[in-house]
Amino acid sequence: MQRTPRVSIFPNPRDVARTLARRVAAALRDNPRVVLGLPTGRTPLLFYEELVRLHADEDVDFSQATTFNLDEFVGIPAGHPGSYRTFMGRFLFQHVNIDPARTNFLDGAAADLNEECERYEDSIAAAGGIDLQILGIGTNGHIGFNEPGQELDARTHKVTLRPETRRSNAALFGGDPDSVPTHALSMGMGTILHARKAVLLATGDTKARCVERVVRGPITTTLPASLLQLHPDAELMLDNAAAQELDGVS
Ligand code: GLP
């Protein structure tokens with residue numbers, strides 16, 4: 001049996017981004033109605049840049065694709081400069097021909113957050129599920145905003161953000177970790193693991209320790225990304241720096 005997640009290592013972050021963007025372009029050509037799960041953070045920025053370039057130079061067509069973002073902060077309006085919705089507009093959606101009605105976000109300002117989480121799960125199901133879920137990874141091993149803990153929620157839910165996660169998101173809030181919301185909504189681990197295919201991007205040496213544990217196990221709720229070992233079609237796309245603790249794994 002092939003080990004999972006598969007590991008692909010590239011010389012630098014640009015090559016990781018280029019390869020994944022080419023794959024997404026191919027997926028869009030094969031199935032223009034593909035359903036993508038998308039991450040935020042610094043890691044996917046080059047990937048989004050490459051998608052924008054492929055749209056401009058090679059007419060990659062996003063018009064029928066559907067997207068679901070992984071997570072969103074609680075308590076800030078959609079148009080807030082720190083929201084993940086704003087992030088996606090700025091780095092991808094404003095630069096490609098995606099139909100805004102087909103881009104899905106959690107609304108962190110919804111009056112009833114439980115209802116909002118249920119709505120999101122229903123929308124994913126109504127879209128036929130996620131074909132390709134792209135993920136980043138927090139330095140504590142979180143994916144989406146599924147923070148390490150004794151238990152992990154299976155479905156989209158409200159989370160309390162850990163101090164290190166608020167610190168790493170501070171750039172979106174003027175550099176001040178205290179301005180980062182204390183809570184967020186996130187797809188659950190079950191939501192993520194139900195995607196037909198999952199690709200986790202990790203670049204840079206700050207992710208190397210975590211990546212080694214994700215690949216070598218054990219599977220534990222204290223490292224949410226380790227659950228990707230249970231996914232039948234998961235892949236880690238790494239640059240050399242993020243892969244430096246792995247010898248001989250490919
Ligand atoms: C945030 C997001 C995660 C992302 C993580 C890593 O916490 N909720 O989905 O993977 O940041 O960010 P970066 O890529 O900047 O290291």
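Which elements do the buried residues of α3 pack against? To find out in this predicted model, select helix α3, residues 84-91, and colour Y84, F87, M88 and G89, which are buried. Then bring up β2, α2, β3 (66-69) and β4, since these are the elements against which the buried residues of α3 pack.

**From α3 to the aromatic cluster**

Keep Y84 and F87 on display and add F73, F91, F145 and F173, because together these six residues form one aromatic cluster. The structure as a whole holds nine aromatic pairs, and two of them can be inspected from F73. The first stop is F73 with F145, a tilted pair whose centres are 5.5 Å apart and whose planes stand at 55 degrees to each other. F73 belongs to strand β4 (residues 71-73) and F145 to the loop between β6 (132-135) and β7 (157-160), so this pair ties together parts of the chain that are 72 residues apart in sequence. Buried or exposed, what is the state of F73? With a relative accessibility of 0%, F73 counts as buried, and F145, at 1%, counts as buried as well.

Turn next to F73 with F173, where the arrangement is edge-to-face, with 5.2 Å from centre to centre and 90 degrees between the planes. This pair, too, links distant parts of the chain, as F73 sits in strand β4 and F173 in the loop between α5 (163-168) and β8 (183-186), 100 residues apart. Both F73 and F173 are buried.

**The largest pocket and the cavity**

Now show the surface and look for the largest pocket, which has a volume of about 630 Å³. Of the 29 residues lining this pocket, the closest to its centre are T40, G41, R42, S168 and N169, and these make a convenient selection on which to centre the view. Helix α3 appears again here, as it contributes five residues, the largest share of the lining. By class, the lining of the largest pocket comprises twelve nonpolar, 13 polar and four charged residues.

How many cavities of 30 Å³ or more does a search of the whole structure find? The search finds one, and the space in the largest cavity is about 40 Å³. Select E72, I76, P77, A78, S83, R85, L106, D107 and G108 to display its lining, which divides into four nonpolar, two polar and three charged residues.

**Helix α1**

Move to helix α1, residues 13-30, and compare its length with expectation: at 1.5 Å a residue its 18 residues should span 26 Å, and the end C-alpha atoms are indeed 26 Å apart, which agrees. Within α1, highlight D15, V16, A17, L20, A21, V24, A25 and L28, which are buried. The buried residues of α1 pack against β1 (6-10), β2 (35-38), α2 (45-58), β6, β9 (197-202) and β10 (234-239), so that β2 and α2, already on screen from the opening step, can be left visible.

**Two backbone details**

Most residues other than glycine have a negative phi, and most peptide bonds are trans. Select D59 in the loop between α2 and β3, where phi is near 55 degrees, a positive value in a residue other than glycine. D59 has a relative accessible area of 63% and is therefore exposed. Finish at the loop between α7 (208-216) and β10, in which P218 lies, and examine the peptide bond that joins G217 and P218, which is cis with an omega of about 0 degrees.

Note on methods. Residues numbered from 1 in each chain as written. Predicted model: local features only at pLDDT ≥ 70, side-chain atom pairs only at ≥ 80, totals over all residues. Heavy atoms only, no water. 1 Å grid on protein atoms, 1.4 Å probe; cavity = no way out; pocket = protein on both sides within 12 Å on 5 of 7 lines; lining within 4 Å. Points joined across faces, edges and corners; volume = space filled by probe spheres on them. Helix = DSSP H or I, 4+ residues; strand = E, 2+ residues; numbered from the N terminus. Nonpolar A, V, L, I, M, F, W, Y, C, P; charged D, E, K, R; others polar. Phe/Tyr/Trp six-rings, centres within 6.5 Å; stacked < 30°, edge-to-face > 60°. Buried < 20%, exposed > 50% of the residue type's maximum accessible area, 1.4 Å probe, protein only. Expected span 1.5 Å × (residues − 1). Contact = heavy atoms within 4.5 Å.
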